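Me: I should like a close look at a single part of this protein, the C-terminal domain named in its database record. Please describe that part in one connected account that a first-year student can follow.

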Amino acid sequence: MMRPMKLAGSELMFGEGCLEYIKTIKVEKVSIVVGGKSMERSGMLAKVEGYFHEAGAETMVISGVEPDPSFETVMRGAQEMLGFGPDLIVGLGGGSAMDAAKAMWIFYEHPELKTMESVLPPNEFPKLREKARLCCIPSTSGTASEVSRSIVISDNETGLKHGLGNMEMMPDIAICDPEVTVSMPAKITAETGMDALTHALEALASNRANYISDILATQAAIDIMENLPKACADGTDMKAREIMLQASMAAGMAFTNVSLGIVHSMAHTLGGVFHISHGLADAILLPYVIRYNEADERAKKVYDTFAEKIGAENLYTAVEELNRTLHIPSCLKEVIADEAVFTEKLDEMAALAKADGCTKTNPVIPEVEEFKELFMKAYRGE
């Protein structure tokens, strides 16, 4: 039976200039969660704060969210929020800042909870919005955390990533203004863009895919393949930036409802074990997984139909060609040089990928040994 769909929160703004929408939000105290210094350097943090001040709100900034945010950072942010008492939490930046804002929100609303395990299944997910609502303002066209029910938080002690999804975490307000993405360098634009493409293509092939998700994912993937090279070549191309941000958002609406596949299962694992950026891992793995999934008749038809739409002979070679254009390595060996270390971790990685929540919606469900083979093919470029 199909699951009920939720495409976004209550307010979804997109298009150039939509950042000004902040001035209409009725709010008293705002906690703004950011990563490093990029939002400060680009002037976006000051602009966002300025708009909130015009709306009569008081603001405070929680900074220093690292890539792959840790539980320690989440708890630090939640403590800062408890001292300030916001009625709106804003995640401003890439996926890490937005994921951290969502996680901080949970522990701000429920200070009685002390561990990440307390909100992971089989535990019941806590109710939110008793103290605050959530707004997300993405600076990258990739994670779609602004329209997603999911977060990924790293364990401080093991470094492994915990993925968590619940519709309670769908941001109430999403503001997708391409101006916020202009400061992103070409490398990050490429990697986060390939994350968005992976979202779209995995949603298309998902064993939960449906009529609405297919419409969103198909158009998103078409637009990403056309506009990502333009956004990387010229970061000031506002049209390409705008289309990328909207396509990323549409792909996010698709995958948050029908889930993903083993590109993400394997990328989550690689990120946890070898600390490879998520988008880069997605990009490298994607063509290998497409070839693997073609063993499933339905998935092959999905891929062939999409390849026809973009005028390609087949989908995996179209993705390989896009990766070359974006200067993305063709195999994992180019980013993890020591094969002995990689093979030493193979059993652990295969088991983690098998247990990942994204695996169950892949068109083909690999066994642990098949995951090992797939990791090695992607490593050696076979």
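Reply: The UniProt record, an unreviewed entry, places the feature "domain: Fe-containing alcohol dehydrogenase-like C-terminal" at residues 189-379. The model examined here is predicted. In this model the span 189-379 is 74% helix and 0% strand, and its end C-alpha atoms lie 24 Å apart.

A separate domain assignment divides the protein into domain 1 (9-178) and domain 2 (183-378). The C-alpha centres of domain 1 and domain 2 lie 25 Å apart. Where they meet, domain 1 contributes 27 residues to the contact and domain 2 contributes 28 residues.

One element to examine is helix α5, which covers residues 186-205. From its first C-alpha to its last, this helix of 20 residues reaches 28 Å, close to the 28 Å expected at 1.5 Å a residue. Of the 20 residues of α5, 17 are buried, so the helix is largely enclosed by the rest of the structure.

The aromatic side chains deserve attention next. The structure holds 4 aromatic pairs. In one of them, Phe-342 and Phe-375 meet edge-to-face, with 6.4 Å from centre to centre and 70 degrees between the planes. This pair links distant parts of the chain, since Phe-342 belongs to helix α12 (residues 339-344) and Phe-375 to helix α14 (residues 368-380), 33 residues apart. Phe-342 and Phe-375 are both buried.

Phe-342 also pairs with Tyr-379: their ring centres are 4.3 Å apart and their planes lie at 25 degrees, so this pair is stacked. The relevant cut-off is that planes under 30 degrees apart count as stacked, whereas those over 60 count as edge-to-face. Because Phe-342 lies in helix α12 and Tyr-379 in helix α14, the stacked pair ties together parts that are 37 residues apart in sequence. Both Phe-342 and Tyr-379 are buried. A further ring completes the picture: Phe-274, Phe-342, Phe-375 and Tyr-379 form one aromatic cluster.

Another kind of arrangement involves a charge and a ring. Arg-291 lies over the face of Tyr-316, at 4.8 Å from the ring centre.

In summary, the annotated span is 74% helix, helix α5 is largely enclosed by the rest of the structure, and the rings of Phe-274, Phe-342, Phe-375 and Tyr-379 belong to one aromatic cluster.

Terms used. Residues numbered from 1 in each chain as written. Predicted model: local features only at pLDDT ≥ 70, side-chain atom pairs only at ≥ 80, totals over all residues. Heavy atoms only, no water. Phe/Tyr/Trp six-rings, centres within 6.5 Å; stacked < 30°, edge-to-face > 60°. Helix = DSSP H or I, 4+ residues; strand = E, 2+ residues; numbered from the N terminus. Buried < 20%, exposed > 50% of the residue type's maximum accessible area, 1.4 Å probe, protein only. Lys NZ or Arg CZ within 6 Å of the ring centre and 35° of its normal. Expected span 1.5 Å × (residues − 1). UniProt positions renumbered as here; feature names shortened; annotations may be inferred. Domains from an automatic or database assignment. Contact = heavy atoms within 4.5 Å.
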